[in-house]
Structure formats: structure tokens, C-alpha cells
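Thanks for sharing this one. Below are some notes to read alongside the model, point by point.

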Amino acid sequence: MEQLGRSSWTLLHSIAATYPTQPSPTEQADLQRFIKLFGKFYPCWVCAEDFQKYVEEKGVKTGSRDEFGTWLCEAHNEVNRKLGKPTFDCSRWEERWRTGWKDGRCD
Ligand code: FAD
């Protein structure tokens with residue numbers, strides 16, 4: 001379950017990292033659908049249920065790369081909090097998942 005989670009977050013944050021900065025209406029609608037279907041089919045039913053609830057309550061923000069990346073980071077933080085893990089500073093999601101850390105470290 002841990003491996004599935006890590007791999008899934010890697011896929012999702014990598015999608016955010018390559019999502020257009022100015023997405024077309026079709027790209028936005030496709031991403032909305034993808035996230036909702038992802039929540040429906042995620043193969044950990046408890047996780048999927050909570051994720052779908054989060055999506056229902058907050059909506060999915062797909063207006064730009066930064067908007068989606070920040071939304072996803074906040075969704076991930078919601079799970080981190082639930083599991084008692086440290087939360088992540090969402091102003092730095094792109095450093096972690098796209099550009100690399102500004103201070104040059106490699107983790
Ligand atoms: P992960 O949480 O998998 O994170 C991987 C890496 O992402 C981290 O090393 C860090 O560098 C980076 N990161 C951490 N937080 C953020 C953030 N907020 N934004 C950007 N990057 C970040 N597990 C359960 O036990 N119960 C659940 O209900 C549950 N729900 C889940 C729902 C979804 C949609 C997904 C994809 C996974 C869920 N998981 C759940 C799995 C869980 O979130 C973790 O993936 C798993 O516990 C392994 O955690 P990890 O410590 O290796 O790091």
C-alpha cells in the first residue's frame with residue numbers, strides 16, 4: 001500500500017509538473033475527468049473514498065500548472081495530516097517535482 005501510494009503521488013505530481021501553464025478548456029476538462037476517475041478507481045478503497053470526498057468538497061483546480069500543482073499538494077497534505085506525517089510547504093511543490101531545489105540539494 002505504501003509503494004502504491006508513493007508511486008501514485010509520483011505519477012500525479014509529475015502530471016502537474018508537465019501540465020501546461022496556460023491549459024486549453026479541453027485540457028482542463030480532461031484533467032478534471034482524469035482526477036475524478038483516478039479517485040474512483042484508486043485500488044485502496046478507504047483512500048479512494050476519502051480522496052473522492054475531498055474532490056467533491058474542494059473541487060479540482062485546473063486553471064494553470066501552478067494552480068493544479070498547488071491543489072494537488074494540498075490534497076496530498078490532507079492525507080499526510082490524516083496519517084500523522086509532516087505537511088509539505090506547497091509554495092515549493094515545483095522545486096520538488098519539476099525544477100529541482102533552489103539550494104542545489106539532490107533529494
Ligand atoms: P508519500 O506521501 O507517498 O510522498 C512521496 C513524496 O512526495 C515524499 O517523499 C515527498 O518528497 C513528496 N511530498 C510529500 N508531501 C507532499 C505534498 N503535499 N506535495 C508534494 N509533494 C509531497 N495511505 C493510507 O494509509 N491511507 C489513506 O487514506 C491514503 N490515501 C491516499 C490517497 C491518495 C490519492 C494517494 C495517492 C495515496 C494515499 N495513501 C494513503 C498513501 C500515502 O499517502 C503514502 O503514499 C504512503 O503512506 C507512503 O508515504 P511516504 O512517506 O513514502 O511518502
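1. A good place to start is R65. Leaving aside residues up to four places away in sequence, R65 touches A16, A17, T18, Y19, P20, T21, W93, E94 and R98. Please keep in mind throughout that this is a predicted model. R65 itself belongs to helix α4, and its side chain comes within 3.4 Å of the backbone oxygen of A17. Is R65 buried or exposed? R65 counts as buried because its relative accessible area is 15%, and the cut-off for buried is under 20%.

2. One of the contacts of R65 is W93, so let us go there next. W93 sits in helix α5. With a relative accessible area of 1%, W93 is buried. Which residues does W93 touch, not counting those up to four places away in sequence? They are H13, A16, A17, R65, D66, G69, T70, C73 and F88. Both A16 and A17 are in this list, and both also appear among the contacts of R65. As a contrast in distance, W93 and Q32 are 61 residues apart in sequence and 20 Å apart in space, going from C-alpha to C-alpha.

3. Back in helix α4, which spans residues 65–82, you will find F68. F68 has a relative accessible area of 0%, and therefore it is buried. Not counting residues up to four places away in sequence, F68 touches L12, A16, Y19, L31, I35, V60, K61 and T62. A16 and Y19 in that set are also touched by R65. From C-alpha to C-alpha, F68 and T21 lie 9.7 Å apart in space, with their positions 47 residues apart in sequence.

4. For a residue on the outside, look at S91, in the loop between α4 and α5. S91 is exposed, because its relative accessible area is 63% and the exposed class begins over 50%. The side chains of S91 and D89 are joined by a polar contact of 2.8 Å. S91 and G69 are 22 residues apart in sequence, and their C-alpha atoms are 9.6 Å apart in space. G69 is also one of the residues that W93 touches.

5. S8 makes a useful comparison in helix α1. At 11% relative accessibility, S8 counts as buried, whereas S91 is exposed. Setting aside residues up to four places away in sequence, S8 touches F38 and Y42.

6. Now for the ligand, which sits in the largest pocket. Where does the shell around the ligand come from? Helices α1 (2–18), α3 (45–58), α4 and α5 (93–99) each supply at least two residues of it. There are 20 residues around the ligand, and R6, W9, H76, K82 and R96 come nearest.

7. Three side chains are worth a look for their N or O atoms. In K82, one such atom is 2.5 Å from an oxygen atom of the ligand. In N77, an N or O atom of the side chain is 3.0 Å from a nitrogen atom of the ligand. In E2, the distance from a side-chain N or O atom to a ligand oxygen is 3.4 Å. As for cover, the ligand has 960 Å² of accessible area on its own, and the protein covers 82% of that.

8. To pull the points together, helix α4 holds both R65 and F68, and it also contributes to the shell around the ligand. R65, F68, W93 and S8 are buried, while S91 is exposed. If you open the model, the contacts of R65 with A17 and W93 make a handy way in.

Conventions:
Residues are numbered from 1 along each chain as its sequence is written. This is a predicted model: local features need pLDDT of at least 70, side-chain atom pairs count only at pLDDT 80 or more; totals for chains, interfaces and linings use all residues. Side-chain values use heavy atoms; hydrogens and water are left out. Helices (H or I, at least four residues) and strands (E, at least two) are DSSP runs, numbered from the N terminus. Buried means under 20% relative accessible area, exposed over 50%, partly exposed in between (1.4 Å probe, protein chains only). Contact means heavy atoms within 4.5 Å. A residue is near a molecule or strand if one of its heavy atoms lies within 4 Å of it. A polar contact is a pair of N or O atoms within 3.5 Å; within protein, one must be able to donate a hydrogen and the other to accept it, and residues adjacent in sequence count only if both atoms are side-chain atoms. Accessible areas come from the Shrake-Rupley method with a 1.4 Å probe; for residues, only the protein chains shown count as cover. On a 1 Å grid over the protein atoms alone, a cavity is a set of points where a 1.4 Å probe fits but cannot get out, and a pocket is an open set with protein on both sides within 12 Å along at least five of seven lines; lining residues have an atom within 4 Å of a point. A molecule sits in a cavity or pocket if more than half of its atoms lie within 2 Å of its grid points.
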